[in-house]
Amino acid sequence: MSSNIQYATAADIVPLPLLHRGKVRELYELDPDHLLIVVSDRISAFDAVLKPEVPGKGKVLNKLSQFWFEQTKHLIANHVVSLDELGLQSVQAKHLEQCQSGALYPDVVHSGTESLQAMHQSSHQDPHPDLHCEHALRQGEVQDLAEERQACCDSRDMYLEPQDLSAILRSLQDRMTIARRAKRIDFECVVRGYITGGGWRQYTAHQAVNGIELPAGLRMNEKLPEPIFTPSRKHDEGHDEDVPFAVMCEDLGTDLAQKLRRISIELYMYAAELCASKGILLADCKFEFGMIDGELVIIDELFTPDSSRFWSADQYVLDRDIDSLDKEPVRRYLAASGWDKCGTPPVLPSEVVEATRSRYVELFERITEQQWIEA
């Protein structure tokens with residue numbers, strides 16, 4: 001895909017049931033056990049999806065996550081299934097057989113809206129809903145997704161024949177992941193190695209972050225004596241909620257909460273060391289985890305500029321904002337635009353889009369030591 005083409009959605013390419021369309025990712029159902037995750041070029045800031053898209057951003061996010069999933073598999077298993085075409089064909093052949101036999105989604109075929117509403121209700125009752133990363137349904141999406149899923153189930157032509165998959169793989173190129181379906185744990189696991197961003201705001205108000213007391217006199221952006229674990233409880237509506245670790249223990253049980261904290265800090269320290277060798281500081285990051293057949297796995301994305309804060313070591317300073325290797329040009333443009341963060345956001349100028357694209361590519365090349373090649 002050339003560098004001047006933005007990729008907003010895969011819905012017109014992938015004839016599979018669409019489970020969720022998030023700000024960036026779209027999740028399609030291959031079969032009850034597998035998802036096709038497509039990463040678009042959409043970009044968001046201040047809880048708004050912006051226009052235009054950033055060309056190639058989704059491919060960078062996807063390939064960076066694939067790099068890190070491979071690098072960290074000795075620490076924890078992940079949700080990724082081999083991306084080779086034969087593997088996908090095998091999964092989809094099983095899916096097609098189930099669809100043709102009528103064994104797949106019998107209740108959805110007869111009452112799509114009611115079934116999805118039940119899924120939505122159960123996702124709020126079950127602390128580990130059977131919904132992967134972004135695809136927990138929100139109230140406003142139930143009807144639209146029910147109609148899309150109903151259309152898929154009403155027409156068997158909407159299910160891919162295995163021989164069609166190679167064309168879709170070529171169309172999606174490097175922006176898709178095949179994943180095992182997980183029961184998401186409804187906490188974001190945040191690790192902070194430096195006192196900055198939201199952590200700095202908490203510190204200046206309370207000399208603590210998520211209830212963790214820190215030494216007096218720390219300066220903005222200062223490296224912490226040890227990385228700290230500051231989880232947030234995920235909410236389907238509104239912002240996630242920063243909570244003390246004790247709350248996580250109450251909700252999940254002490255054993256699982258302690259395991260999540262230990263693995264999160266191990267992941268951070270491993271990545272921070274690798275990044276440091278490339279002249280990059282990993283200030284903080286967040287992870288999502290899930291359960292597959294009783295095994296804890298890491299899901300969603302991993303150490304991307306959308307889920308982590310990266311600083312170039314030669315730009316590191318104390319006491320003022322650092323120009324991070326992410327969508328900082330977008331945030332700065334919006335802050336200076338006069339937008340009230342409530343109405344329709346302004347269209348991003350081409351120079352802001354290009355500056356953002358360049359940062360994503362730079363981070364990919366520095367971390368992976370691979371040249372970014374536009375397909």
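## From β1 to β2

A hairpin links β1 to β2 through three residues. The model shown here is predicted. In it, β1 and β2 run antiparallel, joined by three bridges. Two of the facing residues can be named. R21 stands opposite E26 in β2. L18 has Y28 in β2 as its bridge partner.

How much of β2 is covered? Seven of its seven residues are buried, so β2 is mostly covered.

## From β2 to β3

The chain then turns again. A second hairpin takes β2 to β3, this time through two residues. Strand β2 covers residues 25-31, and six bridges join it to β3. These two strands run antiparallel. D31 stands opposite H34 in β3. R25 stands opposite V39 in β3.

## A four-strand sheet

Now step back to the whole sheet. Four strands form it, in the order β1-β2-β3-β6. The sheet is open, and the pairing is antiparallel. Which strands sit at the edges? They are β1 (18-21) and β6, and each pairs on one side only. From one strand to the next, the twist averages 20°.

The link between β3 and β6 is made by five bridges. Here too the strands run antiparallel. I37 stands opposite T177 in β6.

## β3, covered on both faces

Look at β3 by itself. Six of its six residues are buried, so the rest of the structure largely encloses this strand. Buried means under 20% relative accessible area.

Which residues lie on each face of β3? H34, L36 and V38 are on one side. L35, I37 and V39 are on the other. Both faces are covered, and the residues named on each are all buried.

## A cavity beside β3 and α1

The model also has enclosed empty space. Rolling a probe the size of a water molecule over the atoms shows where such space is left. The count comes to three cavities of 30 Å³ or more. About 80 Å³ of space lies in the largest cavity.

What lines the largest cavity? The lining includes R25, I37, V39 and T177. R25 and V39 stand opposite each other across β2 and β3. I37 and T177 face each other too, with T177 in β6. Other lining residues are N62, S65, Q66, F69, H79, V80, D300 and E301.

Both β3 and α1 (57-71) supply at least two residues of this lining. Which of the elements gives the most? It is α1, with four residues. By type, the lining divides into four nonpolar, five polar and three charged residues.

## Salt bridges across the chain

How many salt bridges does the structure hold? There are 28. One of them joins R175 to D41, with the closest N and O atoms 3.1 Å apart. R175 lies in the loop between α6 (165-172) and β6 (176-180), and D41 in the loop between β3 (34-39) and β4 (43-45), so the pair ties together parts that are 134 residues apart in sequence.

Are R175 and D41 buried or exposed? R175 has a relative accessible area of 1%, so it is buried. D41 is buried as well, because its relative accessible area is 0%. Both values fall under the 20% cut-off.

Another salt bridge joins K278 to E369. Here the closest N and O atoms are 3.9 Å apart. K278 lies in the loop between α9 (254-276) and β14 (280-292), while E369 is in the segment after α11 (350-368), so this pair ties together parts that are 91 residues apart in sequence. E369 has 62% relative accessibility, so it counts as exposed. The cut-off for exposed is over 50%.

## A salt-bridge network

Some salt bridges share partners. Start with R332 and D323, which form a salt bridge with their closest N and O atoms 3.8 Å apart. Which residues belong to the network around this pair? D323, D326, E328, R331, R332 and R359 are joined into one network by salt bridges that share partners.

R332 counts as partly exposed because its relative accessibility is 42%. D323 is partly exposed too, with a relative accessible area of 26%. Each value lies between the cut-offs of 20% and 50%.

Notes:
Residues are numbered from 1 along each chain as its sequence is written. This is a predicted model: local features need pLDDT of at least 70, side-chain atom pairs count only at pLDDT 80 or more; totals for chains, interfaces and linings use all residues. Side-chain values use heavy atoms; hydrogens and water are left out. A salt bridge is a side-chain nitrogen of Lys or Arg within 4 Å of a carboxyl oxygen of Asp or Glu. Buried means under 20% relative accessible area, exposed over 50%, partly exposed in between (1.4 Å probe, protein chains only). Two strands pair if DSSP finds at least two bridges between them. On a 1 Å grid over the protein atoms alone, a cavity is a set of points where a 1.4 Å probe fits but cannot get out, and a pocket is an open set with protein on both sides within 12 Å along at least five of seven lines; lining residues have an atom within 4 Å of a point. Grid points are joined across faces, edges and corners, and a volume is the space filled by probe spheres set on the points. Ala, Val, Leu, Ile, Met, Phe, Trp, Tyr, Cys and Pro count as nonpolar, Asp, Glu, Lys and Arg as charged, and the others, Gly among them, as polar. Axes are lines fitted to C-alpha atoms, for helices over the stretch in contact, and angles run from 0 to 180 degrees between N-to-C directions.
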